[in-house]
Amino acid sequence: MRPQTGWLKVNIDGSFDALSEKGGIGIVMRDWEGRVIFASCKTLNSCHSALEAELVACREGIALALQWTLLPVQVETDCLVALQMIQAKEVERSELAFAVREIKDLLAGSRECLLRKVHRSQILVSHMLANKSRSENLSGFWCENDCTFISKLVIDDIIPE
């Protein structure tokens with residue numbers, strides 16, 4: 001679903017492989033007309049859990065969105081646990097407290113930024129980018145529709161525009 005007019009949407013996802021202890025993140029920002037603003041993926045060479053990968057993806061996605069636009073942003077993730085950690089009122093005391101604190105600091109400004117839990121089927125491109133970055137040791141940033149991975153998914157009708 002597209003965000004309301006005047007808003008941008010950032011889909012984020014993390015990927016984790018316990019055997020290699022590697023992770024990856026995928027981020028896609030679109031406008032209210034469905035146009036890709038940017039896509040990004042990054043390999044996490046040292047990652048200890050799927051939750052850590054999800055939190056890193058969230059932090060990176062919010063940071064990039066705040067750098068790229070002054071418009072309000074809706075961030076979508078398929079990880080309910082990460083979302084609950086970020087939205088909790090009490091102080092996080094787990095080994096991932098640093099990531100949660102960094103995300104809360106990013107959200108503390110005056111910018112309008114909403115976080116929302118969605119089904120994985122609603123973030124397929126960021127999911128694919130996260131898996132690709134983890135498995136292929138790929139990190140990249142693409143403006144607009146320059147990411148050929150996304151273009152191929154749309155052309156093949158895997159992801160409707």
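Contact here means heavy atoms within 4.5 Å. Keep that in mind as you work through these exercises on a predicted model.

**Exercise 1. Find where Leu71 sits and which residues it is in contact with, leaving aside its neighbours within four places in sequence.**

Solution.
- Begin with the place: Leu71 lies in the loop between H1 and S4.
- Next, list the contacts. Leu71 is in contact with Gly6, Leu8, Trp32 and Arg111, once neighbours within four places in sequence are left aside.
- Now take one of these partners, Leu8. Leu71 and Leu8 are 63 residues apart along the chain, while their C-alpha atoms are separated by 6.9 Å.
- Finish with the surface. Leu71 has a relative accessible area of 32%, so Leu71 is partly exposed.

**Exercise 2. Work out the order of the strands in the open sheet, and name the edge strands.**

Solution.
- The open sheet has six strands in the order S5-S4-S1-S2-S3-S6, and the pairing is mixed.
- The edge strands, which each pair on one side only, are S5 (113-117) and S6 (140-143).
- From one strand to the next, the twist averages 15°.
- To see the mixed pairing, look at S1. With S4, S1 pairs in the parallel sense over four bridges. With S2, S1 pairs in the antiparallel sense over nine bridges.
- Val10 lets you follow both pairings. The bridge partner of Val10 in S4 is Val75, and the partner in S2 is Met29.
- The hairpin of S1 and S2 has four residues between the strands, and there Glu21 takes a positive phi near 55°.

**Exercise 3. Describe how strand S4 is paired with S5 and how its faces are covered.**

Solution.
- Strand S4 covers residues 73-77 and runs parallel to S5, joined by five bridges.
- Two facing pairs help you locate the match: Gln74 stands opposite Leu114 in S5, and Thr77 stands opposite Lys117 in S5.
- Then check burial: five of the five residues of S4 are buried.
- Sort them by side. Val73, Val75 and Thr77 are on one side, Gln74 and Glu76 are on the other, and both faces are covered.

**Exercise 4. Place helices H1 and H4 against the sheet.**

Solution.
- Helix H1 (residues 50-68) lies across S1, S2, S3, S4, S5 and S6, and runs at about 150° to S1.
- Helix H4 (residues 124-136) packs on the sheet too, touching S1, S2, S3 and S6. The direction of H4 makes about 145° with that of S2.
- Consider the length of H1: its 19 residues reach 27 Å from first C-alpha to last, close to the 27 Å expected at 1.5 Å a residue.
- The buried residues of H1 include Leu55, Val56, Ile62 and Leu64, and also charged names such as Glu52 and Arg59.
- For H4, pick Lys132, which is found in that helix. Lys132 counts as buried because its relative accessibility is 18%, and the cut-off is under 20%.

**Exercise 5. Find out what surrounds Lys22, and which side chain of opposite charge is nearest.**

Solution.
- Lys22 belongs to strand S2.
- Lys22 is buried yet has no salt bridge. The nearest side chain of opposite charge is that of Asp17, 8.2 Å away; a salt bridge needs the atoms within 4 Å.
- Among the residues that Lys22 touches are Phe16, Thr43, Cys47, Arg134 and Asn137.

**Exercise 6. Compare three salt bridges by their closest N and O atoms.**

Solution.
- Side chains of opposite charge can pair when their charged atoms come close. The count here comes to nine salt bridges.
- Arg35 and Asp31 have their closest N and O atoms 2.8 Å apart. Arg35 is partly exposed at 47%, whereas Asp31 is buried at 5%.
- For Lys42 and Glu60 the distance is 4.0 Å. This pair links distant parts of the chain, with Lys42 in strand S3 and Glu60 in helix H1, 18 residues apart.
- For Arg116 and Glu76 the distance is 3.4 Å. Arg116 in S5 and Glu76 in S4 are 40 residues apart.
- Glu76 counts as buried at 1% relative accessibility, while Arg116 is partly exposed at 28%.
- Lastly, salt bridges that share partners join Lys42, Arg59, Glu60 and Glu102 into one network.

Notes: Residues are numbered from 1 along each chain as its sequence is written. This is a predicted model: local features need pLDDT of at least 70, side-chain atom pairs count only at pLDDT 80 or more; totals for chains, interfaces and linings use all residues. Side-chain values use heavy atoms; hydrogens and water are left out. Two strands pair if DSSP finds at least two bridges between them. Axes are lines fitted to C-alpha atoms, for helices over the stretch in contact, and angles run from 0 to 180 degrees between N-to-C directions. Buried means under 20% relative accessible area, exposed over 50%, partly exposed in between (1.4 Å probe, protein chains only). Lys and Arg count as positive and Asp and Glu as negative; His and the chain ends are not counted. The expected span of a helix is 1.5 Å times one less than its number of residues.
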